[in-house]
Structures are given as structure tokens and as C-alpha cells.
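Work through the exercises below with the structure open beside you. Try each task before reading its solution.

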Amino acid sequence: MVLPEFDYVAAKSLQEASSLAKEKGSRGVLMAGGTDVILQLKEKQLGDVDTVIDLKGIPQMDRLEFVEGEGLKVGSLVKLYRIQNDAVVREKMPAVAQAAHYVASSQIRRKGTMAGNICNASPSADTASILVAMDAKVKTYSTDGGREIPIGDFFKGVKKTCLEKEKGEIVTEIDIPELKSGEGSAYFKHAVRKAMDLAIIGVAAWIRMDGKKVADCRIAMGGVGVTPLRAPKAERILMGQEISEELLEQAGVAASQECSPISDVRASAEYRADMVRVYTKRAVKKALETLKA
């Protein structure tokens with residue numbers, strides 16, 4: 001397939017990019033890494049788009065920094081490959097590095113961004129589940145003012161987010177809270193192949209322990225609904241309890257009953273639900289293994 005004709009604008013500032021995006025509306029599309037946008041243009045999935053607004057020339061949007069007491073700051077132009085290999089990310093937030101590593105291929109990760117991964121809003125997006133489990137926030141800019149969006153409110157459906165296109169709203173940064181003492185997190189992806197494939201399902205877990213008992217936890221599931229889903233019943237089963245194999249099985253079963261998978265060429269709905277059961281247990285176990293001292 002060949003690319004359709006379009007105007008290409010290399011924005012030099014957020015104000016320029018936002019103003020043009022606001023002016024163009026549905027006829028404009030923002031591009032960071034371009035790994036999703038270019039393919040969607042080729043396959044004519046973006047409707048009547050006639051202008052691509054490239055964000056790569058905007059300064060200070062490639063920040064990747066861990067701030068003690070706050071957490072990880074991921075600018076919208078930070079490549080997934082950089083996240084997966086950054087020594088500080090791997091030390092402080094190994095589950096985030098792992099989720100970045102799971103996205104597509106090495107070639108894609110050298111171009112694609114975490115911000116682009118969530119803005120594409122695929123139900124199987126690998127970074128979405130861990131961000132939901134870790135209660136991340138999405139910072140945005142528009143000519144009408146910026147805002148901070150809880151990641152749980154960001155996704156609105158398949159390929160749909162809460163970004164206000166009519167205001168030219170642009171994601172500028174993703175903030176992931178620091179893991180404190182007694183907290184851990186994990187993400188597992190199940191796919192036909194280890195690389196390239198979309199997740200059949202993905203499960204992320206964040207947990208905080210008080211001694212031997214679970215003080216708080218979040219479980220997020222990808223690929224089993226139109227958006228990443230929380231598993232509140234499974235979370236409640238774990239709360240206030242000491243972890244055991246029996247308890248993990250109960251939580252896994254509950255999570256499998258809280259998801260809404262479909263059947264397609266990659267897996268049946270029944271198989272997906274059962275894999276949620278299996279991977280919920282694995283994610284919670286792994287989160288426990290990574291507890292911060």
C-alpha cells in the first residue's frame with residue numbers, strides 16, 4: 001500500500017501543534033513515533049485526514065527522569081526502546097521496563113513511544129495495563145490550558161481516548177508514581193509469539209503489603225475488553241489477607257469472571273478468560289517478588 005497525499009507539518013512548539021490540531025479537527029493527526037499513524041494512513045483508517053502534525057521537533061518532550069519522592073516522568077517523545085533499557089527504570093520500575101519491552105519488535109520500539117501506545121488506545125496495548133495498575137497520570141497541553149488525567153479515565157473505547165481534539169489537546173507527559181516501601185508491581189503478556197504479536201491477554205498487578213497481609217492492590221487486564229479493565233472483585237479477595245496458593249486461585253477466578261473477552265482468529269473468549277485466571281496469579285506473585293525494601 002502507498003501513503004495517500006497529505007500535508008506534513010513539523011511543529012516547533014506545543015502552541016503551534018495545538019493550534020493547528022484545533023484548526024484541522026478530524027482532518028489532522030498528531031504524530032510522535034509514527035509507528036501506528038503511518039500504518040493507519042496507509043490502510044485508510046483515519047478517515048479524511050489531510051494533515052500530519054509531527055511533534056518530534058518540539059523541545060523538552062523527550063524527558064525520561066526518575067524524581068525521588070514522586071516517580072517516573074516519561075515525556076511524549078521518549079522511545080519505548082529507551083524505557084526498556086534505561087538502568088534507572090529497570091531498577092526502580094522493572095515492570096514498566098518489561099511492558100515497554102513487550103511492545104512489538106525492537107525496530108518498532110526504537111521509533112514508537114509510550115504516549116503513542118496509549119493514544120492509539122488498542123485494547124491490547126502492552127503499556128496500558130501496567131500504567132493502570134500503577135495509577136499513572138497523563139499530562140496534556142492545549143491552547144485552552146493543560147490538565148492532568150488519571151489513566152483510568154483516559155481510555156474511552158477501542159481507539160478512543162478522552163483527549164479533546166476540538167481543543168487541540170496533546171499528551172505531553174506520563175507520570176508514574178514511585179514504588180514505596182512494601183510495594184511491588186508486575187506485568188505479564190500472553191501471545192502466540194514472544195515478539196511482534198499483539199497480546200492475547202495481558203495482566204498487570206500492583207500490590208502494597210503491611211507485614212504479611214495485603215494492604216492494597218490493583219489488578220489491570222488488557223485484551224479482554226474495549227479498554228484496559230480493573231478487577232475489583234479479585235482485588236477485594238486479596239485485601240487484608242495473607243497470600244496463599246488458594247487465595248491466588250480465588251483471585252484469578254474472580255478476575256476471569258470480571259473481564260469481557262471476544263473470540264477472534266487469535267483466541268476464543270473462553271481461552272482468554274482462563275488465561276486471565278492464570279496470569280493474574282503470576283502477576284501478583286511476581287509483584288510480591290519485587291517488593292521495595
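The exercises that follow use a predicted model, and they cover rings, helices and two buried side chains.

**Exercise 1. Classify the ring pair of tyrosine 102 and tyrosine 187, and place both residues in the chain.**

Step 1. Start with the total: the model has three aromatic pairs. Step 2. Take the pair of tyrosine 102 and tyrosine 187. Their ring centres lie 5.7 Å apart, and the planes meet at 70°. Step 3. Apply the cut-offs. Centres must lie within 6.5 Å, and planes over 60 degrees apart count as edge-to-face. The angle is 70°, so this pair is edge-to-face. Step 4. Locate the partners. Tyrosine 102 belongs to helix H5 (residues 94-102), and tyrosine 187 to strand S11 (residues 183-190). They are 85 residues apart, so the pair links distant parts of the chain. Step 5. Check exposure: tyrosine 102 and tyrosine 187 are both buried.

**Exercise 2. Which rings have the charged end of arginine 218 and arginine 282 over them?**

Step 1. Look at arginine 218. Its charged end sits over the ring of tryptophan 206, 3.9 Å from the ring centre. Step 2. Move to arginine 282. This residue lies over the face of tyrosine 279, 4.7 Å from the centre of the ring.

**Exercise 3. Decide how enclosed helix H8 is, then describe how H5 packs against H8.**

Step 1. Count the buried residues of H8 (residues 126-133). Eight of the eight are buried, so the helix is largely enclosed by the rest of the structure. Step 2. Name some of them: Ala128, Ser129, Leu131 and Val132 are among the buried residues. Step 3. Look just past the helix. Aspartate 135 takes a positive phi of about 60°. Step 4. Now set H5 against H8. The axes come within 8 Å and cross at roughly 160°. Angles over 145 degrees count as roughly antiparallel, so H5 is roughly antiparallel to H8. Step 5. List the contact. H5 contributes Ala95, Val96, Ala99, Ala100 and Tyr102, while H8 contributes Asp126, Thr127 and Ile130. Step 6. Give the hand: H5 passes H8 in a right-handed crossing.

**Exercise 4. Describe the packing of helix H11 against helix H12.**

Step 1. Recall what is needed. Two packed helices are described by the angle between their axes and the distance between the axes. Step 2. Read both values. The axes of H11 (residues 245-258) and H12 (residues 269-289) come within 8 Å and cross at roughly 135°. Step 3. Classify the angle: H11 and H12 are therefore oblique to each other. Step 4. Give the hand. H11 passes H12 in a right-handed crossing. Step 5. Find the touching residues. On H11 they include Leu248, Gly252 and Val253; on H12 they include Ala273, Val276 and Val284.

**Exercise 5. Are lysine 73 and histidine 190 buried or exposed, and what do they contact?**

Step 1. Place lysine 73 in strand S5 (residues 71-75). Step 2. Use the cut-off: buried means under 20% relative accessible area. Lysine 73 has 9%, so it is buried. Step 3. List its contacts beyond four places in sequence: Arg63, Leu64, Glu65, Val67, Glu173, Ile174 and Asp175. Step 4. Add a distance. The C-alpha atoms of lysine 73 and arginine 63 are separated by 7.0 Å, with the residues 10 apart along the chain. Step 5. Turn to histidine 190, in strand S11. Its relative accessibility is 13%, so histidine 190 counts as buried. Step 6. Beyond four places in sequence, histidine 190 contacts Ala199, Ile200, Ile201, Tyr271, Met275 and Tyr279.

Terms used. Residues numbered from 1 in each chain as written. Predicted model: local features only at pLDDT ≥ 70, side-chain atom pairs only at ≥ 80, totals over all residues. Heavy atoms only, no water. Phe/Tyr/Trp six-rings, centres within 6.5 Å; stacked < 30°, edge-to-face > 60°. Helix = DSSP H or I, 4+ residues; strand = E, 2+ residues; numbered from the N terminus. Buried < 20%, exposed > 50% of the residue type's maximum accessible area, 1.4 Å probe, protein only. Lys NZ or Arg CZ within 6 Å of the ring centre and 35° of its normal. Axes fitted to C-alpha atoms, helices over the stretch in contact; angles between N-to-C directions. Parallel < 35°, antiparallel > 145°, perpendicular 65-115°, else oblique. Left-handed = near helix turned anticlockwise from the far one by under 90°. Contact = heavy atoms within 4.5 Å.
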